[in-house]
Amino acid sequence: MRIKLKFEENEKKFIDRVNELSGENIYSCYQCGCCSSGCPFVFEMDILPNQIIRLVQMGREEELIGSKALFLCASCFTCQSRCPKGINIANVAEAVRHLIEPKGKDYFGPQEIPVELADELPQQALVAVYRKFSK
Amino acid sequence: MVNKKTKLHYYPGCTLKEKTTNLDNTTYAVMDLLGYELIEPENWTCCGAEFPLTEEKIVGLAAPVRILRQVKLEGGNEVFTVCSFCFNVLKRANEAMVTDPLKHKRINAFLKDDIAIDRVTGEKTTDFPEYNGDVSVLHLLEFIRDEIGYEKIRSLLKRDLSKVKVVPYYGCRLLRPKGKIGIDEPDDPSIFEEFLENIGCEVIDFPFKQECCGSYLSLSMPDAASEASYNILRSAELNGADVVALSCPLCYYNLDRRQDRIKEKFPEFHEMPVFFFTQLLAWALGVDEEVLGLDQHFCDPRSAIGIDKSGVEI
Amino acid sequence: MNSNGKKKRIGVFVCHCGVNIAAMVDVKRVAEEMEKYPGVAFSTDYIYMCSDPGQQLILDKAIEEKLDAVIVACCSPTLHEITFQNAVKLAGLSAFQVEIANIREQVSWVHTDREEATLKAIRIVRSLVEKIRFNKNLEPIEVDVTRRAMVIGAGISGIQAALDIADQGYEVLLVEKEASIGGHMIQLSETFPTLDCSQCIMTPKMVEISRHPNIKLMTYHEVESISGFVGNFTVRIKKKPRYVDEVACTMCGDCEEVCPEVVPDEFNLGLSYRKAIYLPFPQAIPGTYTLDIDSCLGLWPIRCSACRDACEVNAIDFDQKEEIIEEKVGAITVCTGYDLYSMKSLGEFGGEKYEDVVDGLEFERILSASGPTGGKVCRPSDGKVPKSIVFIQCCGSRDPENHKSYCSRICCMYTAKHAMLYKHHVPDGQATVFYIDVRTGGKRFEEFYQRTVEEGEVLYLRGKVSKVYKEGDKIIVHGSDTLTGRKVEMEADMVVLAMAMEKKEGTEELLRKLNISADTDGWLAEAHPKLKPVESINAGFFLAGCAHGPKDIPDTVAQASAAAAKVGALFAKEKLQHDPAIVPVNEELCSGCEICVNVCPYDARELDSEKGIVIVNEVLCEGCGACAAACPSGAAQKRNQTDNQIFSMLSAILKI
Ligand SMILES: Cc1cc2nc3c(=O)[nH]c(=O)nc-3n(C[C@H](O)[C@H](O)[C@H](O)COP(=O)(O)OP(=O)(O)OC[C@H]3O[C@@H](n4cnc5c(N)ncnc54)[C@H](O)[C@@H]3O)c2cc1C
Ligand code: SF4
Ligand code: SF4
Ligand code: SF4
Ligand code: SF4
């Protein structure tokens, strides 16, 4: 549980890219934790939504690559609707997913759908899940 | 005398034509009774289901903008949906065309090369005007409140729903993101309650009405979705409701069709009937039971609205 | 021209302000350039013009060089104009022969190119040389002062201010819109950081108000309108009928007993009920019943008159009418306090829906020995003693996106106090506080907070709560603890929301009447955030307490005493001096078009219908120049800032 902060060029670039892609200002988060308090899926997450933001603030791209939490965000915007700083956390999660995708594996591809479900699934769920979670 | 119907654009979305025809059919039925002839935009496609959240993925805006442009080309200035997802994507895409000049420019440039057949003349067109976000996107709940009016609804009621103890379930897409998109205050909404009251139901307040049901995580993280859905249904029950009313086919999938899987994970779970709001409206307006498509439900909702097993009203 | 009709000899003094100016402006070059400028007889630079040697330099050179006028190129005139005016007065010059060229705020602090900045500084100084050539010596306008003050609002701030002014020997009108004085402080249970009982320390002051020979207490009164200017205000005050004769009422309570009408009691924030005829609380000042006409069934003979029939001393008078009283005062102190932000605005916390979700003030009443539960901590819904209470901080504060951007300053402390007092009442109870930061800046505040945590065994969790709802008779709270990185879901019997403070309802309306300003959040604006914290920008108005922004009682009282001292200083003056740099009317040029009358924000101008021209009330005119800009005939020109002067300044600035 130790990190050495070096503020290197690539870390800075990662932060800038997240800001650019998400259209949010990561630095404006003051870590109140409200997003994590309200998120309906934290019970399955390895890190909390506020920690996703925190790790971006610290430029910790590597640590985010393995995070399951990014793929549990259902873009429900509960956090966005209550964040005192107006940060759209779902946009940030999507931006981080986008940046780490080339480095990680496909999180959810067509091969993963159980055959017996194929019949009953609403189309919108299929479209949405590919959009979100595959390269 | 034949009543002339008002023409109105309606975007159903893919799921309604396949998995939840009950939502589509009841929408047609009630709108007919209310005096509207619905027009689906020519050659409509899937809206994309999810609004692209990052700048890089804006090509996802092409589909919804194309649909809206089509409405405009057909002379419409408003289009309504009943699916919350479609509503959300269309409304956000429309909003982006108004407020985000960069997106407006990029998407219009991208759509410039479209080819289509003119409906009236049958000629091939490639000459599309720019789309500037001037079609208004409405959810049927808004359309009923603002344009049809509850008064009219009340005057047409044929059946008594006063025994139906119902919770309104908004989910995410009708209310969020906060700002210009939602149809009501994200944390203090009332439009769905008003609607249900005006069709004669007993409305029950419950704290999970704006909570997420699990959305598409039911594919990628089925367990997480089951727990989210369970929390909602349990809260509805604890607060004394007999049924849930909603407007989104994916919420319906998670809250009704997946009740067996919820039960697997939470054995103490009690099944609860789930209705689309249009089904309740149709029933209240006197539409026949077959149109409601109640056999598509996992949890049989018949008794909740006073129909016995053999389909007879009691 | 100087007074002898000769060309003025002008001196220029360029200040370095340490490096504040010198780092961005080549001050030596400015001085050298100015030396060559027509009319400048002497020019130099110095490291700190405002220092003693700096002022001495100006004085010496003014005499040695026989200067007629002086320009100091330095910081903003709001800071040192008076310093340098006093310096030249010693050399026998008029204060109107000094001009400040602001080359700090307007040049060095806002530019990044030294060459450009230096050129700009030179132009600014030049323009002032052009102006000062035509400056006339003016005599201050003198006015009398009415040595009588009005204080609006009688919470602790208004009470303190009124007492301190009255003790200096001046008469005070204390105007309070409610039936009793006391404000919010009288509602509090015990007060941090010393936990003294609020009523015990406040009631002696309230009694003193009612007894003080210099204080005229006007409760159930509201300010209607105001006119005049510093030292000479005329106020019209509305007296609302209380339908009870204050003097005759013996507070026997017979009326209350028979009154059939029951309404929520605002003193207990609706946690209990009162009658339509009521005493706000036992120690109310003035000690009299008040008939609340909005909840009364209707005055006799229309419907009920039970109270009047029951009153043995015939104190109840249904014929009382609203009255307007006119008074003259010389200074006005605004102490109108605050409101708590409504729980309605935070739908996710259910404060409006669930009885057991209360705000901080409601909890004060629940804790109070004189409160609706008689000092027992019970929850409102069923009277059960809560075994677990969750306190949520920053409710509506520090939330620029949805609510208030500011920190309400007192809620960290009162939450700690609430948790501690709760533990005193219910020693086996669990108190949990959700916070973002704990701010304990005041004297002995940090120690108080730590005692709460240690002795009260209060669990502080660092995370903002997102949702509160009810399940059965339990309240469920969804929060988080960012220190361990966990979402926290917990049950509680009661939830206390530390709601933000906000401006008192009706403040805007009052401010419009007084013609004084507020900041963007609606708090009263002070004249200078550091150096004039108790004065309003408009002369004669002072402010104190939470009307000016969130603060605790110690700060409120300090500010009230400071405002009282300022009122005293104003009243100590023999005469008030008004700046003579006003905009007179040139009778020969004025056509009587009245355009200036309409643009004047101070109502200083009016048409003299006999002469057919406009006349100016010199005391009301603030010299803002709105009329000068509007006058089509050039009849309205500000003294020492005539059109002629402005045009010469402009050409000096535009000349390369
Ligand atoms: C829950 C809670 C607990 C607190 N606990 C503590 C504590 O323990 N220790 C501490 O130091 N501080 C505490 N405070 C802070 C304290 O309440 C304030 O610092 C103090 O009451 C401010 O006094 P005030 O006179 O400025 O305002 P107020 O008390 O609000 O008084 C203003 C008065 O002006 C009157 N008024 C308003 N408008 C008009 C008008 N237009 N015309 C005439 N009259 C008008 C009002 O009726 C009122 O009487 C607490 C605050 C809260 C909310
Ligand atoms: S709610 Fe907003 S400010 Fe608070 S931790 Fe989450 S992102 Fe940061
Ligand atoms: S948008 Fe994502 S992170 Fe935010 S509350 Fe919903 S699931 Fe959680
Ligand atoms: S007249 Fe009004 S105040 Fe008096 S007893 Fe009747 S209701 Fe109460
Ligand atoms: S004083 Fe404390 S509780 Fe109140 S707003 Fe400031 S930080 Fe939040």
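A salt bridge is here a side-chain nitrogen of Lys or Arg within 4 Å of a carboxyl oxygen of Asp or Glu. The exercises concern a predicted model, in which local features need pLDDT of at least 70 and side-chain atom pairs count only at pLDDT 80 or more, while totals for chains, interfaces and linings use all residues. Residues are numbered from 1 along each chain as its sequence is written, chains are lettered from A and ligands numbered from 1 in the order in which they are written, and side-chain values use heavy atoms, with hydrogens and water left out.

**Exercise 1. Determine how Glu130(C) and Arg133(C) are linked, and where in chain C they lie.**

Step 1. The side chains of Glu130(C) and Arg133(C) form a salt bridge with an N to O distance of 3.2 Å.

Step 2. Both belong to helix H5 (residues 114–133) of chain C, and because they are three residues apart there, about one helical turn separates them. Helices are DSSP runs of H or I with at least four residues, strands are runs of E with at least two, and both are numbered from the N terminus.

Step 3. Over all chains, the rule gives a count of 64 salt bridges.

**Exercise 2. Describe the interface of chain B with chain A, and then that of chain A with chain C.**

Step 1. Taking contact as heavy atoms within 4.5 Å, 46 residues of chain B touch 46 residues of chain A.

Step 2. Buried area is the accessible area (1.4 Å probe) that two parts lose on being put together, summed over both; between chain B and chain A it is about 4,000 Å², with carbon and sulfur atoms giving 60%. Leu53(B), Tyr216(B) and Leu219(B) supply 18% of the area that chain B buries against chain A, more than any other three residues.

Step 3. Three salt bridges are counted between chain B and chain A. Glu50(B) is joined in a salt bridge to Lys132(A), where the closest N and O atoms are 3.2 Å apart.

Step 4. For the other pair, 19 residues of chain A are in contact with 20 residues of chain C, and the buried area is about 1,400 Å², of which 52% comes from carbon and sulfur atoms. On the chain A side, Tyr30(A), Ser37(A) and Arg82(A) lose the most area to chain C, together 38% of what that side buries, and the rule finds zero salt bridges across this interface.

**Exercise 3. Work out the strand order of the five-stranded open sheet in chain C, and place helix H10 of chain C against this sheet's strands.**

Step 1. With two strands counted as paired if DSSP finds at least two bridges between them, the order is E20-E27-E21-E22-E23 (chain C), and the pairing is parallel.

Step 2. Strand E20 (357–359) and strand E23 (459–462) of chain C are at the edges, each with a single partner strand, so one side of each is left without a neighbour in the sheet. On average, neighbouring strands are turned by 20° against each other, direction ignored.

Step 3. E20(C) is joined by three bridges to strand E27 (residues 494–499) of chain C, the two running parallel, and Val357(C) stands opposite Val495(C) in E27(C).

Step 4. Helix H10 (residues 360–367) of chain C lies across E20, E21 and E27 of chain C and runs at about 95° to E20(C). Axes are lines fitted to C-alpha atoms, for helices over the stretch in contact, and angles run from 0 to 180 degrees between N-to-C directions.

**Exercise 4. Characterise the shell around ligand 5, and the backbone of Arg398(C) within that shell.**

Step 1. A residue is near a molecule if one of its heavy atoms lies within 4 Å of it, and the residues around ligand 5 include Gln393(C), Cys394(C), Arg398(C), Cys407(C), Cys411(C), Cys412(C), Asp437(C) and Arg439(C). Strand E21 (388–395) and helix H11 (411–425) of chain C are the elements that give two or more residues to this shell.

Step 2. The shell divides into five nonpolar, three polar and four charged residues, where Ala, Val, Leu, Ile, Met, Phe, Trp, Tyr, Cys and Pro count as nonpolar, Asp, Glu, Lys and Arg as charged, and the others, Gly among them, as polar.

Step 3. Arg398(C) lies in the loop between E21 and H11 of chain C, and its phi is near 55°, a positive value in a residue other than glycine.
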